[in-house]
Amino acid sequence: MRLSRYFLPVLKENPSEAQIVSHRLMLRAGMIKQAAAGIYSWLPLGFKVLRKLENIVHEEQIRAGHIPIQMPILQSADLWRESGRYDDYGQEMLRMQDRHGRDMLYTPTAEELVTDIFRGHVSSYKDLPLTLYQIQWKFRDEIRPRFGVMRGREFYMKDGYNFDLTKEDALHAYNRHLVSYLRTYERMGLQAIPMRADSGPIGGDDTHEFLVLADTGESEVFYDSAVTDIRLGQRDIDYDDKAQCQAIMEEFTSLYARTDETHDEALFQQVPEERRRSARGIEVGQIFYFGTKYSEPLGATVQGPDGKQVPVHMGSHGIGVSRLIGAIIEASHDDKGIIWPEGVTPFHCGIVNLKQGDDEADAACDKIYKALTALGLEPLYDDRNERAGGKFATMDLIGLPWRITVGPRGLKNGVVELTSRRTGESEELSPEAAVTRIAEIYERTV
């Protein structure tokens with residue numbers, strides 16, 4: 001993409017309404033624009049990152065054996081009355097009536113709706129296990145929406161639901177989701193720590209939240225610092241292997257890590273003093289096992305091996321896709337702007353032409369642009385007739401991980417400058433070598 005043809009409405013000044021770094025930088029980088037309190041339009045750069053995260057979530061869900069569907073944004077209140085949650089959910093649920101006077105609601109979560117799908121089509125244990133998921137817009141009418149996409153009213157979320165014959169099978173689904181989420185976050189360049197949490201209005205006894213440590217996090221967390229040394233890495237995972245998934249779950253959750261709602265000071269004191277930590281955390285996902293909480297009242301049963309009807313065991317699993325963008329920025333930025341991890345960057349590399357209109361510089365930039373594009377990479381070429389300082393400031397603000405700088409002086413020596421946004425370190429390479437280096441970097445990206 002050539003920047004002269006792109007819609008990137010960057011701001012020079014910090015917006016007064018932005019209280020935290022991610023909100024400020026998303027507005028300044030032209031990623032979002034507020035449409036109403038807690039509701040945002042996603043502009044091209046922000047929408048591009050949103051789609052990158054969505055694709056990673058899809059890939060890891062499918063890798064784990066989960067099946068994508070799409071459910072409607074509006075639901076009938078009748079299902080929620082059937083489950084008993086319609087009156088219990090509270091004012092966060094946006095309720096309305098259609099023209100025929102039927103009670104409707106804007107989806108905050110979809111346990112009832114997916115259970116209705118299941119009960120209408122699945123009748124035998126032979127069709128289990130089954131996990132269905134969607135990535136869809138949700139709405140919760142927060143009393144005080146703030147912090148941009150971190151606590152908005154409308155948000156983009158992956159929500160998945162497993163259906164299993166027994167509790168043992170459902171707990172394997174729980175472990176499978178935990179492992180798939182760990183891989184998802186690592187691909188995004190995040191360390192998200194699974195922490196024992198409170199189930200809230202979803203219900204159930206088993207639940208973990210995934211939290212990214214950040215000073216602006218809304219939750220106080222307590223943890224053993226050794227948990228931050230664990231990585232899933234490039235392990236070969238067989239998601240059907242119950243023992244392997246259980247072992248990984250235990251590896252990541254055996255050390256103390258809890259949110260303030262479930263914090264146990266006595267247990268925390270058993271952690272060696274030098275490893276005890278308290279901090280703030282941003283929730284980016286949660287998994288639940290809630291047994292037959294929804295299947296019993298909604299009649300989601302199957303015929304078991306003995307011929308008797310039994311309610312299925314269920315769980316649900318969510319990742320806040322739009323919220324993740326804010327979490328990544330909170331965890332990866334400096335005073336100049338965003339620093340995108342390679343796995344989620346909107347463009348793989350920036351190209352800065354120091355002297356637009358110079359025949360040699362223009363030709364070199366075009367050649368680099370075409371070479372990167374031919375390799376399946378997406379460069380952002382700043383071909384505007386602007387000062388070099390302004391071009392560098394824009395690239396630093398939007399946070400592309402690598403920048404190739406092209407100017408007449410370097411070209412006389414046959415070199416361009418390759419710069420890492422994260423470290424600020426630069427090296428001079430031939431244009432061909434710079435293209436090769438960028439390709440090698442992204443070959444290593446999971």
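This briefing describes a strand with its two partners, a helix, and one aspartate. The model is predicted. Strand E11 covers residues 219-224, helix H2 covers residues 44-63, and Asp-396 belongs to helix H11, residues 388-398.

**Strand E11 and its partners**
- Five of the six residues of E11 are buried, and the strand is mostly covered.
- E11 runs antiparallel to strand E13 (residues 276-291), to which six bridges join it.
- Within this pairing, Phe-222 of E11 lies opposite Ser-278 in E13.
- Strand E12 (residues 257-259) also pairs with E11 in the antiparallel sense, over three bridges.
- Here Val-221 is the residue that stands opposite Thr-259 in E12.

**Helix H2**
- H2 comprises 20 residues, and the distance from its first C-alpha to its last is 28 Å, close to the 28 Å expected at 1.5 Å a residue.
- The buried residues of H2 include the hydrophobic side chains Leu-45, Val-49, Leu-50, Leu-53, Ile-56 and Val-57.
- Lys-48, Lys-52, Glu-54, Glu-60 and Gln-61 are also among the buried residues of this helix, as is Gly-46.
- Just after H2, Gly-65 adopts a positive phi of about 95°.

**Asp-396 in helix H11**
- Asp-396 counts as buried because its relative accessibility is 16%, which is under the 20% cut-off.
- Beyond its neighbours within four places in sequence, Asp-396 is in contact with Lys-336, Gly-337, Ile-338, Arg-403 and Arg-421.
- Leu-380 lies 16 residues from Asp-396 along the chain, and the C-alpha atoms of the two are separated by 13 Å.

Conventions:
Residues numbered from 1 in each chain as written. Predicted model: local features only at pLDDT ≥ 70, side-chain atom pairs only at ≥ 80, totals over all residues. Heavy atoms only, no water. Buried < 20%, exposed > 50% of the residue type's maximum accessible area, 1.4 Å probe, protein only. Helix = DSSP H or I, 4+ residues; strand = E, 2+ residues; numbered from the N terminus. Pairing = 2+ DSSP bridges. Expected span 1.5 Å × (residues − 1). Contact = heavy atoms within 4.5 Å.
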